[in-house]
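Work through the exercises below with the structure at hand, and compare each attempt with the solution that follows.

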Amino acid sequence: MMDSPKHEAYENGGTIVNRYARIAIAVLASVGLLTSASACGTSQNGAGSAHGAISVVSSINQWGTLAEQLGGSGVQVTSIINSTNVDAHDYEPTTSDIAKLQKARIVIVNGAGYDSWAVKAAQSAKSQVINAAEIGGVKDGGNPHVWFSAAVRKAVAQAITRAYEGTRPDGKADFDKLNQQWRSKEDEVARKITETKRKADGEAYAATESVAEYLAGDLGLKDATPTGYMRATANESEPTPTDIKQFTDMLEAGKVGLLVVNIQEGTELTGKIVIAAKSSNIPIVELTEQMPEQYDSLTDWMAALVDAFSQAI
């Protein structure tokens with residue numbers, strides 16, 4: 001599904017220097033900045049590094065970490081949203097964010113209305129754009145949380161590797177090797193999914209939001225969330241009292257075996273739903289939209305989530 005952009009402020013010291021000293025300092029500072037820029041390249045503004053690394057900018061860190069896994073030292077990746085404290089739906093990009101997107105060689109967006117600001121910025125850039133939702137066949141209005149889908153992850157990984165190889169043909173062997181390494185890790189997640197699916201055997205679950213719908217589907221779980229409640233949350237509107245009562249009654253009656261809660265969007269209402277589930281001893285799986293900071297990769301995060309589902313079933 002991932003703190004506002006931080007800006008550092010610097011203040012000049014109070015030391016008084018004469019006019020000539022100030023000029024000398026300014027000249028030295030300029031030389032220092034130029035040297036630093038030459039050493040570090042311009043990877044931060046998307047133009048690439050001195051070592052020829054491909055500049056990649058991703059709207060969210062889910063896809064950004066995947067891009068890093070698949071590119072290794074051959075890429076310089078920047079993820080604009082990389083915290084669970086940020087709601088990508090409502091994110092207001094800074095001028096710097098837009099500049100990064102427009103100057104990158106490759107841009108990865110999620111699509112399906114999740115990060116419209118990034119999709120719009122990428123349209124006016126000369127960058128090669130990878131739209132995860134489009135690759136997964138999910139259009140605007142569909143569930144945009146496509147990183148939870150095993151099939152979409154694989155398809156996007158292939159698209160990223162092809163983009164790298166097209167941009168830097170001489171690195172094809174290295175990019176292929178990195179892709180194989182990623183596949184090996186994703187295959188481990190697939191094995192966990194298969195084992196959990198056998199265990200789940202079509203068990204019914206309910207969710208405070210449809211964030212993990214794709215993952216739950218991969219695990220063979222059946223969504224029993226009341227339709228009215230599901231429709232309201234998908235449209236970012238308030239469920240009616242009837243919707244809420246249907247949900248809590250279902251939980252109190254023990255009609256589902258699992259409750260999935262998006263703790264990134266906790267509200268008083270979700271608190272009531274959690275209480276209803278606990279009163280009936282229904283296991284709860286907590287997750288977030290954005291990838292938590294303790295995970296280095298999308299693959300590691302998915303593996304941990306599958307384990308959490310397996311333990312709850």
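**Exercise 1: the sheet that holds E7**

Strand E7 (residues 259-262) and E8 run parallel and are joined by four bridges. This is a predicted model, in which local features need pLDDT of at least 70 and side-chain atom pairs count only at pLDDT 80 or more, while totals for chains, interfaces and linings use all residues. Residues are numbered from 1 along each chain as its sequence is written, and side-chain values use heavy atoms, with hydrogens and water left out.

Task: find the bridge partner of Val-260 in E8, then give the order of the strands in the sheet.

Solution. Begin with the terms: strands (E, at least two residues) and helices (H or I, at least four) are DSSP runs numbered from the N terminus, and two strands pair if DSSP finds at least two bridges between them. Val-260 has Val-285 as its bridge partner in E8. Extending this to the whole open sheet, its four strands are ordered E6-E5-E7-E8 and their pairing is parallel. At the edges stand strand E6 (222-223) and strand E8 (284-287), each of which pairs on one side only.

**Exercise 2: the sheet that holds E3**

Task: state which strands lie at the edges of the open sheet E2-E1-E3-E4, and follow the chain from E3 to E4.

Solution. The four strands of this open sheet pair in parallel, in the order E2-E1-E3-E4. Its edge strands, pairing on one side only, are strand E2 (75-81) and strand E4 (128-131). Neighbouring strands are turned by 20° against each other on average, direction ignored, where axes are lines fitted to C-alpha atoms, for helices over the stretch in contact, and angles run from 0 to 180 degrees between N-to-C directions.

Next, take the pairs around E3. Strand E1 (residues 54-60) and strand E3 (residues 106-109) run parallel and are joined by three bridges; within this pair, Val-56 has Ile-106 as its partner in E3. Helix H4 (residues 116-123) packs on the sheet, touching E1, E2, E3 and E4, and its direction makes about 155° with that of E3; contact here means heavy atoms within 4.5 Å.

Finally, E3 and E4 pair in the parallel sense over four bridges, with Asn-131 of E4 as the bridge partner of Val-109. The chain passes from E3 through H4 to E4 in a right-handed β-α-β crossover, a term used if, with the strands pointing away from the viewer, the path from the first strand over the helix to the second runs clockwise.

**Exercise 3: the largest pocket and the largest cavity**

Task: which element gives the largest share of the lining of the largest pocket, and which gives the most to that of the largest cavity?

Solution. On a 1 Å grid over the protein atoms alone, a cavity is a set of points where a 1.4 Å probe fits but cannot get out, a pocket is an open set with protein on both sides within 12 Å along at least five of seven lines, and lining residues have an atom within 4 Å of a point. Grid points are joined across faces, edges and corners, and a volume is the space filled by probe spheres set on the points.

The largest pocket has a volume of about 800 Å³. Of its 29 lining residues, the closest to the centre are His-89, Glu-209, Thr-233, Ala-234 and Glu-236. H9 supplies the largest share of this lining, four residues.

The largest cavity has a volume of about 40 Å³, and its lining includes Glu-209, Asp-223 and Thr-233. Helix H9 (residues 227-234) again gives the most, with three residues.
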